[in-house]
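I opened this notebook to keep track of what I looked up in one structure, going from single residues to the chain as a whole.

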Amino acid sequence: MRTHRADEGPQLRVRDPAAAPPKRRALNAIYAFARRVDDIGDGTGPQDVRLAALAETRAQLTRLRDPGDDPVLAALNDAVRRYPIPVAAFDELIEGCEADVRGTTYTTFDELAHYCRCVAGSVGRLCLGVFGPADQARAEPLADALGVALQLTNILRDVREDAGLGRTYLPAKDLARHGCTLHFDGEFTDDPELLAGLMRAQAERAREWYATGLRLMPMLDRRSAACTGAMSGIYRRLLVRIEADPLTALRTRTSLPTWEKAAVAAHALIGARR
């Protein structure tokens, strides 16, 4: 399961990282290490090899003060020295990716929400260390909620792709409640109307998490709010499309054209300047 970092939203990379402002360099470092973890989780190698690789990334975090010739660790070490980044949140990200590698399934939504906090909320909390809101304690649960919303959207977008890989993320109790199995044999074998009801119910749940998570926005400075607003704006548009036509979303992966992503990002920047 690719997290919301993978292929949507504004990119933080710059051609010359050393020339970027300190906050941008710190965010680049966080995302680079998160991508390292995510790529292992999404890999296709043997389970034991990928779990060992994830264990090594966890060990790397204990060596930040001596990164050697690893440019990602060196950049992360610099970021941690400059900002109060909660490095332990990377452990949660690794935990979530380990669950992916093991093929963990979820019985209740609380279990799925914990997974979402691990793979998405953790990145939000890491970024908060760089963003520096005045009330960090109040901001962290809102960042977690926004992470849950983003990851739920990602899960709904990838139901078909995950089913083809033999993976089901939606909670078993929700499937039973809607009379669905998500059994996939080239196509879903469930009744289409039942599938549509399942998807719409999950989309409504995601909207509720957005409503909570977006209360974070006024707590951020202009640049941080613009970045967060662009990412969440893109994913909310994806969610609207999925909810409006869930059966199409189950036939093909929902995405936004580049021009629409740019428009959302521009709107977020204008809104942050007000």
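Entry 1, a residue on a helix. I began with E111 and asked whether this residue is buried, partly exposed or exposed in the predicted model. Its relative accessibility is 35%, and because buried means under 20% and exposed means over 50%, E111 counts as partly exposed. I found E111 in helix α5. Leaving out residues up to four places away in sequence, I noted that E111 touches T105 and Y106. I then looked up P171, which is 60 residues from E111 in sequence, and I read a C-alpha to C-alpha separation of 8.0 Å in space.

Entry 2, the core. Which residues touch the most other members of the largest nonpolar core? I found that they are F90 and L112, in a core of 79 residues. Helix α5, which covers residues 109–131, gives the most to this core, with 12 residues. I also listed the contacts of L112 and, with neighbours within four places in sequence set aside, they are Y106, L152, I155, Y169 and P171.

Entry 3, two helices side by side. How are α2 and α4 arranged where they pack? Helix α2 spans residues 47–61 and helix α4 spans residues 89–102, and I noted an angle of about 180 degrees between them, with their axes 10 Å apart. Since angles over 145 degrees count as roughly antiparallel, α2 is roughly antiparallel to α4. On the α2 side the contact is made by Q47, R50, L51, L54, T57, R58 and L61, and on the α4 side by F90, D91, I94, E95, C97, E98, V101 and R102. Sorting this contact by class, I wrote down seven nonpolar, two polar and six charged residues. I also recognised F90 from the previous entry, where it was named with L112 for touching the most other core members.

Entry 4, a buried asparagine. I placed N77 in helix α3, which runs over residues 71–82. Is N77 buried or exposed? At 14% relative accessibility it counts as buried, because the cut-off is under 20%. Not counting residues up to four places away in sequence, N77 touches L64, R65 and P67. For one of these, L64, I looked up the spacing as well: N77 and L64 are 13 residues apart along the chain, and their C-alpha atoms are separated by 5.3 Å.

Entry 5, an unusual backbone angle. Most residues other than glycine have a negative phi. I therefore made a note of L182, which has a positive phi of about 60 degrees although it is not a glycine. I located L182 in the loop between α8 (172–177) and α9 (192–213), and I recorded that L182 is buried, with a relative accessible area of 8%.

Entry 6, the whole chain. How many helices and strands does the protein chain have? I counted 12 helices and zero strands. Of the 274 residues, 49% are buried. Among contacts between residues at least 6 apart in sequence, 71% join residues at least 24 apart. Finally, I noted an accessible surface of about 12,900 Å² for the protein chain, of which 53% belongs to carbon and sulfur atoms.

How values were computed. Residues are numbered from 1 along each chain as its sequence is written. This is a predicted model: local features need pLDDT of at least 70, side-chain atom pairs count only at pLDDT 80 or more; totals for chains, interfaces and linings use all residues. Side-chain values use heavy atoms; hydrogens and water are left out. Axes are lines fitted to C-alpha atoms, for helices over the stretch in contact, and angles run from 0 to 180 degrees between N-to-C directions. Angles under 35 degrees count as roughly parallel, over 145 as roughly antiparallel, 65 to 115 as roughly perpendicular and the rest as oblique. Contact means heavy atoms within 4.5 Å. Ala, Val, Leu, Ile, Met, Phe, Trp, Tyr, Cys and Pro count as nonpolar, Asp, Glu, Lys and Arg as charged, and the others, Gly among them, as polar. Buried means under 20% relative accessible area, exposed over 50%, partly exposed in between (1.4 Å probe, protein chains only). Accessible areas come from the Shrake-Rupley method with a 1.4 Å probe; for residues, only the protein chains shown count as cover. A nonpolar core is a set of buried Ala, Val, Leu, Ile, Met, Phe, Trp, Tyr and Cys residues joined through side-chain atoms within 4.5 Å.
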